[in-house]
Each structure stands twice: as C-alpha cells, then as structure tokens.
Amino acid sequence: MTTAVGDRTRVIEEELGAEYAGAGWWGSLYRAPRRRRWYRLIPVEEVSGEQRAELLAWQTRPRRPDLVPVVREERGEQRQFADRWFQIVSYETDAGRSLSDALSEHEPACRIASVAAALRAFPGWREAIGAGLVALPADIVLAGHRPLLLPLPAWGAPSLAEVFAEPERIAHLTPEGARGLPAGARDPGLHSLGVTALRCFEALPDDDPERLLQRAACAAVFAPPRREGRLASWMRRVEPVRAVREELGGLTGPRAAALDDAAVQRLTDSLDRARRAMDPLTAVRSLRDAGEARRAVGLAHAALVDRPGYALLLLAAEIAHQDLGEPLEALSLLERAVQTDPERTEAYAAQLSVIGGWSAVQVRLAGATDGSYAQRLQATARAAFGRLPHELRREHAHEMASCLLGQGELAEANAFVHQWLHDGDTLMWWRFDLMLDYGETFLGLGHLDAAAQISEQVRAGLRRVRENGQMDRGEIHEHGMRLADFDLRLHGARDGKARA
C-alpha cells in the first residue's frame with residue numbers, strides 16, 4: 001500500500017467512523033459495527049450510470065435472511081475522500097468480522113469451519129444475485145458463525161486497474177479470467193471460494209502482481225514452488241486433510257469441471273472431515289481404529305511437538321501399551337504426562353497399570369540391569385500410588401500389589417494387600433483380584449497352608465457371585481482362570497516340598 005493510499009484509507013476511516021476490513025471483489029470494505037454498518041467504497045469511474053441505478057434499486061428489494069440489507073447512505077451515495085470520489089454502498093449489520101478475519105485465525109480448524117459455512121451458503125447467494133456472483137473473503141461477514149453476503153449485482157470482474165490494485169483479487173481470478181477468456185463451464189464464484197478454502201492451508205504467494213497473474217492464468221497460484229504452509233507438519237500427514245487439499249486442487253485446477261449443488265455439498269463435507277481430523281486426538285484414534293497402531297503413535301509424537309497435551313500423551317501411551325505391547329514407550333509417554341500436569345491422576349493410574357501388568361519383565365530386567373531399572377520402576381510405582389487420592393487407592397490397589405510382587409517385595413506386598421483388603425474389620429472377599437494377590441504373597445513366602453486357605457475362599461466367593469448373579473460372567477471367568485493357574489502352582493509347590 002502506497003503512502004497516498006494509506007493516507008486516503010485513514011481519511012475514510014475517520015470520516016466514516018469505521019475501520020478498513022479488506023478488499024472486496026468490487027471496491028474496499030469498511031466496518032462500523034457500533035453503528036450497525038458496513039461500507040463498500042468503489043471508485044466512481046468504475047461504476048456506470050446503469051450500475052448506480054441498480055444499486056439504488058437494491059435499497060428497496062425485499063430482505064433475505066442470507067443477505068445483508070443494502071440501505072440508504074444518509075450523507076450521500078457518492079463522496080470525496082482525499083481527492084478521489086467513491087460510490088458508497090451502505091449495509092446494515094452489526095457483524096464485527098468477516099471471512100477475511102476468520103482466515104487470519106491461528107487455528108486451522110476455525111478457518112476451515114468458516115469457509116465450509118460460506119460454501120454451504122453459496123448456492124442461496126447465487127440464486128439471489130445471479131450466475132456471475134464472485135465473493136472475496138471480505139465480501140462475506142460472519143454473524144456469530146453464520147456467513148452473510150454483502151451483496152452487489154453480478155457485474156463480473158472489475159477493471160484490470162482495480163484488479164491490479166489489490167493482488168488478492170488476482171489470486172481469486174479463474175484461469176480463464178486471468179487469460180481474458182470466457183469462464184466456460186467453470187463457476188467463477190465457486191472457483192473464488194475454492195481459492196479461499198486453499199488459503200486455509202497455504203499462504204498466498206507474495207509475488208508481484210504480474211507474476212501472480214501468470215500463476216493465476218496457469219491455475220498455479222498454490223502450485224510449487226511452495227511458499228510457507230499454514231499447517232503443522234503432522235496435520236499434512238492426516239488423510240482427510242490430504243484428501244480435501246487434492247479435491248480443492250482439482251476444483252481450482254486448469255481443467256475444473258462444472259459443479260452442481262450436490263458436488264458443493266460433498267466438498268463441504270470433505271472440509272468438515274478435514275476440520276475434525278485436525279484434532280490430534282481424533283486423528284490418532286482414527287488410525288488406531290483402522291488398525292494402524294504404530295502410525296497412530298508416530299502421529300501422536302509429531303502432534304506433540306506442535307501442541308503438547310495431557311490427553312494426547314495418555315492416548316499414545318495406551319496404544320503403545322495395549323496395541324503395540326511396548327511398555328517402555330508407554331512409560332516414557334506417561335512420564336511426560338506427569339510432568340505436563342502433576343495434579344491430574346489419570347497418568348499415575350496408567351503408570352501403575354503398565355508396571356503392574358509387566359511383572360515377569362520386571363524380574364528379567366532386575367537380573368539384566370543390576371536392579372537399577374527395576375528400582376526405578378518401583379520408585380515410579382510408589383510415587384504414582386502415593387499421588388492418587390485416598391478414594392482411588394483402593395481401586396488401584398491391585399496394580400500396586402502387582403508392582404510389588406513383580407519386584408519380589410513379598411513381605412511388603414503381603415502387608416499392603418492385607419491393608420487394602422479390609423474395610424475396618426470387614427474382609428472384602430469379593431475383591432478377587434486382591435484376594436489372589438494375597439494368595440500370591442503367601443505362596444511366594446512359602447506359607448502354603450495360608451495360600452491354600454485363600455484359594456478356598458476365592459473359590460467359594462466365585463461360586464457365590466455366580467449363583468446370585470452379582471458379577472459379570474466374563475469377569476468371573478477371568479478370575480477363575482487366574483485361580484486355576486494359582487492352584488496349579490500351589491500344588492507344584494506342595495509336591496516339591498513333599499519330595500524335599
């Protein structure tokens with residue numbers, strides 16, 4: 001923007017009590033939401049007498065809910081600002097921002113949601129205005145999240161001088177329009193909105209107007225060489241994002257076919273899928289559901305660079321543990337989660353679950369690393385259990401007991417389980433996980449009679465809950481299988497003791 005243009009803009013802002021909002025397809029837009037007004041200023045030499053008559057007629061047209069009303073400008077339809085005369089089109093709305101503002105938002109999903117809404121509204125706008133409708137982002141205002149058009153008769157493209165005055169207009173030209181040819185089957189308005197949608201993903205090139213016109217003529221505004229993208233690298237790897245970018249490339253490409261309303265709806269649906277996939281939790285879960293667990297964890301790592309988050313760390317750890325069978329990876333992710341938010345409890349519970357379910361490996365690690373790593377695991381488990389609130393400790397006592405058993409801390413495990421199996425003087429016999437942990441401690445300590453007594457209590461308890469239907473059959477079966485394995489080892493221990 002030259003100094004003269006900048007000075008003129010400031011004069012316009014002061015005299016209208018508005019602020020510059022961006023370049024429209026015709027003229028420039030200014031907003032004054034406190035006065036419930038938006039203004040379009042078009043140089044008078046660009047508007048013929050017939051066109052001025054059309055604008056006056058728009059002031060008396062019936063109002064439509066998807067179009068901002070055109071109203072009479074109290075101080076005249078033509079005014080001079082800084083030695084230049086402008087035709088003023090006044091719109092009545094209290095909208096405070098436009099689609100151009102939405103394109104400047106940091107969150108790609110917010111940008112895409114606004115563009116998708118504009119695409120959905122486009123068929124209705126075209127019906128009201130005519131087949132030549134073209135709207136730049138500043139021509140569309142947002143009432144909340146609802147897009148409304150600042151209407152203008154379908155006059156086609158402005159003069160070449162006006163197009164060159166704002167390079168943004170050049171980028172939105174169809175390839176045919178940039179070459180001075182008829183549009184053919186391509187809808188110029190849909191092409192312009194397709195370029196707007198691509199601007200959610202890529203920045204407009206900062207070429208000089210002549211070079212940009214050449215790129216537009218070749219349908220190559222966003223083609224290589226790539227400028228700075230507007231997406232984090234992990235988002236570019238998400239399939240719905242890749243798919244919609246290819247779809248938009250086809251819409252704005254050199255041989256775009258005519259699109260009917262159904263095709264526009266499919267495009268907006270694709271934008272919505274891409275928007276939802278830009279949530280890293282959604283993207284990672286989708287890969288997991290598709291059986292791509294390793295890719296899911298890899299994507300989570302990439303997304304964590306861009307936006308570290310507690311929930312994403314927990315999800316990645318869960319996939320590493322449950323789907324990939326990689327507890328070391330899971331524990332590393334959970335440690336990062338603990339550091340991210342030490343006050344939340346989910347990561348502590350997950351640490352106990354991973355370490356507690358890993359008892360056999362713990363024993364092997366203890367032998368392979370002089371106990372150093374096993375000691376670290378034990379310290380992690382103790383710290384995690386200690387950070388749980390009291391009401392959650394009983395719920396996770398089995399995991400902690402498994403950790404102690406895996407570390408060979410049998411006496412401590414025995415005392416620990418005894419504590420959490422009792423509610424006052426009441427033995428919670430229905431906590432079969434803890435009852436069997438209790439039996440494991442006696443078996444490991446060589447107290448075989450006590451272990452056998454626990455076995456009988458568990459067997460009787462399982463029989464009781466099976467008969468009265470107080471426990472799910474799958475859960476009963478799981479405890480029964482563990483009891484059977486425990487009995488087998490108990491009998492083996494007794495046989496060995498008898499032979500000795």
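Here are some worked exercises on this predicted model.

**Exercise 1. Find the largest nonpolar core and say which helix gives the most to it.**

Solution. Start with the size: the largest nonpolar core has 141 residues. Next, look for its hubs; Trp 125, Phe 201, Trp 234 and Phe 416 have the most contacts inside it. Then go to the helices, where α4 (residues 108–129) gives the most, with ten residues. There's also a second, separate core, made of ten residues, including Leu 16 and Phe 86. As background, nonpolar side chains tend to be buried together in soluble globular proteins.

**Exercise 2. Which residues does Phe 416 touch, leaving out those up to four places away in sequence?**

Solution. Pick Phe 416 from the hubs of the largest core. With the sequence neighbours up to four places away left out, you're left with Phe 385, Ala 397, Met 400, Ala 401 and Leu 404.

**Exercise 3. Is Asn 414 buried or exposed?**

Solution. First place the residue: Asn 414 sits in helix α22 (residues 410–421). Now take its relative accessible area, which is 16%. The cut-off for buried is under 20%, so Asn 414 counts as buried. To see what's around Asn 414, skip residues up to four places away in sequence and you get contacts with Tyr 438, Thr 441, Phe 442 and Leu 445.

**Exercise 4. Why can helix α17 be called largely enclosed by the rest of the structure?**

Solution. Count along residues 346–356: eight of the eleven are buried, so α17 is largely enclosed. Who are they? Ala 347, Tyr 348, Ala 349, Gln 351, Leu 352, Val 354, Ile 355 and Gly 356.

**Exercise 5. Work out how strand β2 is covered and which strands it pairs with.**

Solution. Begin with burial: five of the five residues of β2 (residues 28–32) are buried. Sort them by direction, and Ser 28, Tyr 30 and Ala 32 point one way while Leu 29 and Arg 31 point the other. In general, side chains in a regular strand alternate between the two faces of the sheet.

Now the partners. Strand β1 (residues 19–23) runs antiparallel to β2 and is joined to it by four bridges, with Glu 19 opposite Arg 31. On the other pairing, β2 and β3 (residues 37–43) are antiparallel over five bridges, and Tyr 30 has Tyr 39 as its bridge partner.

Finally, check the turns. The β1 and β2 hairpin has four residues between the strands, and Gly 27 takes a positive phi near 75 degrees there. In the hairpin of β2 and β3, also with four residues between the strands, Arg 36 has a positive phi near 55 degrees.

**Exercise 6. Which strands stand at the edges of the β7-β8-β9 sheet?**

Solution. Lay out the order: this open sheet of three strands runs β7-β8-β9, with antiparallel pairing. β7 (97–98) and β9 (146–149) each have a single partner strand, so one side of each lacks a neighbour in the sheet and these two are the edges. For the β7 pairing, two bridges lead to β8 (residues 140–143), and Arg 97 stands opposite Leu 142.

**Exercise 7. How many cavities of 30 Å³ or more does the structure hold, and what lines the largest?**

Solution. The count is four. The largest cavity holds about 120 Å³ of space. It's lined by 15 residues, and the closest to its centre are Trp 25, Leu 133, Val 134, Leu 152 and Pro 153. Split the lining by type and you get eleven nonpolar, two polar and two charged residues.

How values were computed
Residues numbered from 1 in each chain as written. Predicted model: local features only at pLDDT ≥ 70, side-chain atom pairs only at ≥ 80, totals over all residues. Heavy atoms only, no water. Core = buried A, V, L, I, M, F, W, Y, C linked by side-chain atoms within 4.5 Å. Buried < 20%, exposed > 50% of the residue type's maximum accessible area, 1.4 Å probe, protein only. Contact = heavy atoms within 4.5 Å. 1 Å grid on protein atoms, 1.4 Å probe; cavity = no way out; pocket = protein on both sides within 12 Å on 5 of 7 lines; lining within 4 Å. Points joined across faces, edges and corners; volume = space filled by probe spheres on them. Nonpolar A, V, L, I, M, F, W, Y, C, P; charged D, E, K, R; others polar. Pairing = 2+ DSSP bridges.
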